[in-house]
Amino acid sequence: MIPGIVRGNITLLLAFLGCTENLLVVVVVATKRRLHTMHFFLLANLSLSDSAFYISTTFVGVSQISEEWIFGETWCKATSYLLRCFTLTTIILLCAVTWECHTAVVKPYQFRNDITLEKVTAVVLLWIASLVFGAAQFFSGTGGFTYNDKMYHCERRYISYNGTIIREFVSIFIFYVIPFGLMGKQQYQINRIAKHQKTKIAQQQLVVNPKSHEGHQHQRFMQNIKESKDALLIVTAFLVSYLPLFVSRCLRVLLAESDALYNTWFLAMALTQVGSTWNPIIHCFRKRAFRREFFKFLNLNTSTVSPLIQMNQSQK
């Protein structure tokens, strides 16, 4: 069994790194008007969900170091509930990001990237839906949450009987398989349209003037394609980092409790934390527009970092 102090320090380190990255994304998008588009608004909400997930894991990390839960029974159950809710929120927001990229490519003339009251209301409803669906496990008849003295925090009660197995697999199918199946279908349509557009330009040997209306339309189309590829990278990173956790959930139901199973569960949880640290790099720091505004936020651009150098150059 991996010692609690090792597990706790790993959990807290990943929480610090992930929370810092994601909160930077939220702050930069909120303070820079050039990033006030629906695309970056959704990405900022995705980072906010990941930040809340990391904040919840800090309580788990402290308890792992102490090798006992020290925050009370109510918060023990609440932390486990919040971890599940924020994971579900991330999945729902990933669906929203993919849908937004899909609409931009499939229906470019109907797509608008500005932030409206209706869109903001829809995102708020997505957050509420994740909290409601997350609360459904309290009424699912699977025993709710219980304290695990080997994991040092509360978790879903796993009981090996047929009813629990069926509900567990149904839950994974509804909340994971269906959303990612829909996102995969949308990404396939985006790739097909992009391939068709490139083939059309190549066959007709079209020379697109960047300054013309057609040139602006083509540039916007290619930008939407690039953003859809970023969304695909985010979804892929989520699947890679969360798939071991899904497998561990099934094993917790099917197999008897053991130290090896607990170690597998911890490593799977650590991988989910690592996966959420990739998201800001993929969907924001790789984008030139975000990097430019990020450096301005940090006052690292040449117009603000070195006014003394500019003054000296003007004197010369």
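## The nonpolar core

The largest nonpolar core has 52 residues. Val29, Leu94, Phe238 and Phe290 have the most contacts inside this core. Eight helices are named as giving two or more residues to it: H1 (4-31), H2, H3, H4 (117-135), H5, H6 (213-254), H7 (259-285) and H8 (288-297). H3 gives the largest share, 12 residues. The model described here is predicted.

Take Phe238 as one example. Which residues is Phe238 in contact with, leaving aside its neighbours within four places in sequence? They are Thr87, Thr90, Ile91, Leu94, Phe180, Leu243 and Phe246. Leu94 is also among the core residues with the most contacts. As general background, nonpolar side chains tend to be buried together in soluble globular proteins.

## The overall fold

The protein chain holds 10 helices and 2 strands. Their order along the sequence is α-α-α-α-β-β-α-α-α-α-α-α. The two strands therefore follow four helices and precede six, because helices and strands are numbered and read from the N terminus.

The chain has 316 residues, and 44% of them count as buried. Now look at contacts between residues at least 6 apart in sequence. Of these, 78% join residues at least 24 apart.

## Helix H2 and the residue after it

Helix H2 covers residues 38-66. How far apart are the end C-alpha atoms of H2? They are 43 Å apart. At 1.5 Å a residue, the 29 residues of H2 should span 42 Å, so the two values agree. Is H2 largely enclosed or largely open? H2 is largely enclosed by the rest of the structure, because 21 of its 29 residues are buried.

Just after H2 comes Glu67, with a positive phi of about 60 degrees. Glu67 is a residue other than glycine. Its place is in the loop between H2 and helix H3 (73-106). Glu67 counts as partly exposed, because its relative accessibility is 44% and partly exposed runs between 20% and 50%.

## The surface

The protein chain exposes about 16,800 Å². Carbon and sulfur atoms supply 66% of that area.

One nonpolar patch on the surface has an area of about 620 Å². Ile166, Val170, Phe173, Ile174, Val177, Ile178 and Leu182 make this patch. Phe173 sits in helix H5, which spans residues 162-204. Is Phe173 buried, partly exposed or exposed? Phe173 is partly exposed, with a relative accessible area of 46%. H5 also gives two or more residues to the largest nonpolar core.

Terms used: Residues numbered from 1 in each chain as written. Predicted model: local features only at pLDDT ≥ 70, side-chain atom pairs only at ≥ 80, totals over all residues. Heavy atoms only, no water. Buried < 20%, exposed > 50% of the residue type's maximum accessible area, 1.4 Å probe, protein only. Contact = heavy atoms within 4.5 Å. Areas by Shrake-Rupley, 256 points an atom, 1.4 Å probe, with all protein chains shown as cover. Patch = residues over 30% accessible without salt bridge, like charges linked within 9 Å, V, L, I, M, F, W, Y side chains within 5 Å. Salt bridge = Lys/Arg side-chain N within 4 Å of Asp/Glu carboxyl O. Core = buried A, V, L, I, M, F, W, Y, C linked by side-chain atoms within 4.5 Å. Expected span 1.5 Å × (residues − 1).
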